[in-house]
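Good morning. Please look at the structure on the screen while I go through a few points.

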Amino acid sequence: MTTADIPAAKRGGLGIDLERLAQQGDGWLTPEDRYALKTYGVCAQVQPGVFMIRVRIPGGRLTPVQARVVADLADRHGHGWVHVSTRQNLELHWVAAREVPTVLRQCEAVGLTNRSTCGHTLRNVMSCPDAGVGLDEPFDCYPDAKRVSDAIVARSAELNCRLPSRINMAFGGCSACQEHARLNDAGFVSTVRDGVPGYQLWGAGSLGTKPFLAILLVDFLPRQQAHAAAAALVDVFVAHGNLDDPKKGRMKFVVERIGEAAFRHAFTEAFHAHRDHDAGGVEEVAVLGDAERAEILRHVPDQGWGKGVRPERTPGRATVTVNVPLGDLTPDELRGLAALAEVRGDGLLHLTRNQNVAVRAVRLASLPVVRAELDRFGLGLAGADEATDVRACTGSAVCSLGITAAPDHGRALLSLPTLARNSNLRVHVSGCPNSCAQHHAADIGLSGAKVRVNGRTRLGYQLWLGADIAEGRLATMLGRVADTDVNQVVGAVVGVWEAVRHRGERFGQTVQRVGEDAFAAHIASVAEGFNPGPDPVDGPEGDEWVAGPVAALAHQAP
């Protein structure tokens, strides 16, 4: 297929005739039309005549009514498959071209939108699922995330023609969100100063083939100014980004080109302009004081506390996280979760970045019933957000950029004994270098590629080890592994870590102390299907990545 001239498509206005698509199918679409469809959340699959449709879920909060509509759409148009993405969205696959407009209309009818979920747009604005109820979140950041999302998406007809590339934004203040902030173009870390709720703002982070950790832009920003800060970052990106070269379009390349000091100066000027004119009110949120942990933990759930059952600030209530293997749900499972949220929770489903689904405000006394209801669908709370809850993208089976079958290899890792006994490890499997599963931020990351192993070119993965975002360090590529040897290599990696780690030492700390060369040598000695070092084989170019491995540009915080 001919590559789209993306700058030309943007300058042409990104118009698309959806009614013609409904009547004639997709045979008439030009490459530029197909890119324009992305800005409506409609992406071509590797199979002809069908599309993936991404549904935007701002902050990851989904009502039961909306969940049931998505489930019905999956039944009628999507081969009975709903996928939870790592940005708290939902995806439908295998949607026939003529049915695309119907799906878009029915999403809109229940307050959902597909705009700006693909392409060079403001992607979904994320919000911590624990915000407002968790012990570590200082206040509910969801209203700010929703306001920013709504305001910028309302400008999508204009902005999607001017943005050099996509923008990722996230809000949250727990330890996981603090780390995740540095992987985003705009990371708002919830914090409280002198009783005032606000954010620490990080900017210009992203992964892909040239990963770059965000730099600190503002140490404290009152939450009333969050919208102004987000709008300012968009303005700076439009003014200084590279519209003509999509491979150099991300915000990180602006920092690389003009330098951190100039980037901060440009942001500050734009922020002051927006702050002075942004007089819109914001929804009040309560600043949460120190939780009465003794009283909270006096209430004991059946089977005890864990990552799948976490205490809330209201004694006797819990947030339960349902383990959704590889983020894949059937329509009936999604309907079952909607009913669970209505009857046992706060009436909302909370999608997580780990491709799971959380239900909040569950009474501890109801947990046995909750477990029984989940068991009817083959789901449960065990293993949620743990090592055996492997993160994976949809891979080559449907994605036009995918190289390897990431879900298949992720599924095979679910039963690996070494992962089962090391619940805090994070394993991420991406089907290509684009890092949709964020392999650069994992303890053990795999990125799909054509690799040369023992003199033979074949499908496989580049192996990334040792991310420690809290220390400002992304994973390092140690070598390449044949796709048939993934389990053996991952097992060897975890085994050597168990043998040499110090008490209380994180995986990334062990890798740094022992040395990457030592880890690579050990893996090569026990796994014939692993070769250390960079890969001489070039893969096909995708939407954002160029062939071959690159070094991480992991900047330290100023």
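**Two loops, two cores, and the cysteines**

Gln88 is buried, with a relative accessible area of 1%. This is a predicted model, so please keep that in mind. Gln88 sits in the loop between strand 4 (82–84) and strand 5 (90–96). Its phi is positive, about 65°, although Gln88 is not a glycine.

Now a second loop, the one between strand 8 (186–193) and strand 9 (196–203), where we find Asp194. Asp194 is also not a glycine, and its phi is positive, near 55°. Is Asp194 buried or exposed? Asp194 is exposed, at 82% relative accessible area.

Next, the interior. In soluble globular proteins, nonpolar side chains tend to be buried together. Here the largest nonpolar core has 51 residues, and Leu90, Leu329 and Leu349 have the most contacts inside it. Helix 4 (residues 64–77) gives the most to this core, namely six residues. Apart from this core lies another, of 45 residues, including Ile152 and Leu233. As for Leu349, residues up to four places away in sequence are not counted, and its contacts include Gly60, Ala67, Leu337 and Val359.

Last, the cysteines. How many disulfides does the structure hold? Zero. Take Cys107: the closest cysteine sulfur, in Cys118, is 13 Å from its own sulfur, so that is too far for a bond. Cys107 is also buried, at 0% relative accessibility. Cys174 is in no disulfide either, with the nearest cysteine sulfur, that of Cys177, 3.6 Å away; the cut-off is 2.5 Å. Cys174 counts as buried, at 13% relative accessibility.

Definitions and conventions
Residues numbered from 1 in each chain as written. Predicted model: local features only at pLDDT ≥ 70, side-chain atom pairs only at ≥ 80, totals over all residues. Heavy atoms only, no water. Core = buried A, V, L, I, M, F, W, Y, C linked by side-chain atoms within 4.5 Å. Buried < 20%, exposed > 50% of the residue type's maximum accessible area, 1.4 Å probe, protein only. Helix = DSSP H or I, 4+ residues; strand = E, 2+ residues; numbered from the N terminus. Contact = heavy atoms within 4.5 Å.
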